Structures are given as C-alpha cells and as structure tokens.
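Hi everyone, thanks for making time. I'd like to walk you through some side-chain contacts, and please have the viewer open while I talk.

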Amino acid sequence: MRLRREIALFALGGVLGFVVDASVVQALVSAFDANPYLARVPSFLAAASVTWWWNRRHTFAHRRQHRALDEWLRWLAVMLLGAAINYGSYAVLVHGLAIVRAWPWLGVAAGSLLAASVNFLGASKLVFTGTPAAK
C-alpha cells in the first residue's frame, strides 16, 4: 500500500515539475528571447528543486535522513541521470522509428516513462534512504 502511495505522490510531483519546467523555459524564451536550449538549464534546476521539495515534504517525508543540501545534491544527480535517459531514449526512437519521427510525442512519452521509473528508483534508493516508519 505504501509503494502505491509513493508512486502516486511521485507522479503528482512530476506533473508539478513539468509545469514549472515548461513555464520557466517558455517565460525565458518569450520574455527575454533566451536561447531555447540554454533556457533548459534554469528551467531544469527550477523543476528539479520544486520536485525535490515536493518529494521531501510529501512522497518520502517518512524517509528523510540527510541534511537538506546533501539530499538536494543527490536529487539533482539522480534527476540528471533521468534527464539523460529521457533524452537518449527519445533520440534513439526518433532516429530509428518512422512513426516516432512523424509523431515525436510518442518518443517524449516513452522517454518520460522510462526516466520516471529510473528517477523513482533513484529517489527511493539513493536520495531518501531512511527506513520507512512502520504504520
């Protein structure tokens, strides 16, 4: 039961992170004519910070054991791995499958699902490593 709750809360945090990521990158590009590739750096940091806060406060609150800065740095490392997996799988699918070249959102979806799984496992095994309190 706890695992399902953690997955649901993690997914909700992911949606929140997506909104922050998309909003920051759009604002930087639209309002400041920022390079859309470079604008992903601050948008990623903002989204990763918000999702870390969400998961620290809600998803894995019962597992916190590290100081906040240590935990945040671990979180960023895990999220960077997930981002690389997301983009890498997207690029492979776009390159290798005509249907994904025609419908790139399929590659985005596949990459997001794969990365979310890696991110969840990384968060639960490498970031929030405290023993869950028994209920």
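Let's go straight to E6: its relative accessibility is 3%, so E6 counts as buried. Please keep in mind that we are looking at a predicted model. What does E6 meet in a salt bridge? The partner is the side chain of R63, at 3.4 Å from N to O. If you click along the chain, you'll see that this contact joins distant parts: E6 sits in helix α1, which covers residues 2-32, while R63 is in the loop between α2 and α3, 57 residues apart. And R63 is buried as well, because its relative accessible area is 13%, which is under the 20% limit for that label.

How many salt bridges does a search of the whole structure find? The count is 4, and I'll show you two more of them.

Next is E71 with R56, where the closest N and O atoms are 2.5 Å apart. Here, too, distant parts of the chain are linked: E71 belongs to helix α3 and R56 to helix α2, with their positions 15 residues apart. Are these two buried or exposed? E71 has a relative accessible area of 0%, so it is buried. R56 comes out at 17%, so R56 is buried too.

Now compare that with D70 and R67, whose side chains also form a salt bridge, 3.4 Å from N to O. The setting here is another one: D70 is partly exposed, at 31% relative accessible area, and R67, at 57%, counts as exposed.

Right, on to the rings. For anyone who doesn't look at these every day, a pair of aromatic rings is described by the distance of the centres and the angle of the planes. Searching the whole structure gives 7 aromatic pairs. Let me start with F60 and F128: the ring centres are 4.9 Å apart and the planes meet at 20 degrees, so this pair is stacked. The cut-off behind that word is an angle under 30 degrees. Where do the two residues sit? F60 is in the loop between α2 (40-59) and α3 (68-96), and F128 is in the segment after α5 (105-127), so to speak a link between distant parts of the chain, 68 residues apart. F60 has 0% relative accessibility and therefore counts as buried; F128, also at 0%, is buried too.

As a contrast, Y87 and Y90 make a tilted aromatic pair, with 6.2 Å from centre to centre and 40 degrees between the planes. Both tyrosines lie in helix α3, 3 residues apart, which is about one turn of the helix. Y87 is exposed, with a relative accessible area of 58%, whereas Y90 is partly exposed, at 25%.

If you zoom back to the phenylalanines, F60 and F128 turn up again in a cluster. Ring pairs link them with F10, W75 and F120.

One last stop, on the surface. Which residues make the nonpolar surface patch of about 480 Å²? They are L97, I99, W103 and W105. To find W103, look in the loop between α4 (98-102) and α5.

So, to recap the two ring pairs: F60 and F128 are stacked, while Y87 and Y90 are tilted. Thanks for listening, and I'm happy to take questions.

How values were computed
Residues numbered from 1 in each chain as written. Predicted model: local features only at pLDDT ≥ 70, side-chain atom pairs only at ≥ 80, totals over all residues. Heavy atoms only, no water. Phe/Tyr/Trp six-rings, centres within 6.5 Å; stacked < 30°, edge-to-face > 60°. Helix = DSSP H or I, 4+ residues; strand = E, 2+ residues; numbered from the N terminus. Buried < 20%, exposed > 50% of the residue type's maximum accessible area, 1.4 Å probe, protein only. Patch = residues over 30% accessible without salt bridge, like charges linked within 9 Å, V, L, I, M, F, W, Y side chains within 5 Å. Areas by Shrake-Rupley, 256 points an atom, 1.4 Å probe, with all protein chains shown as cover.
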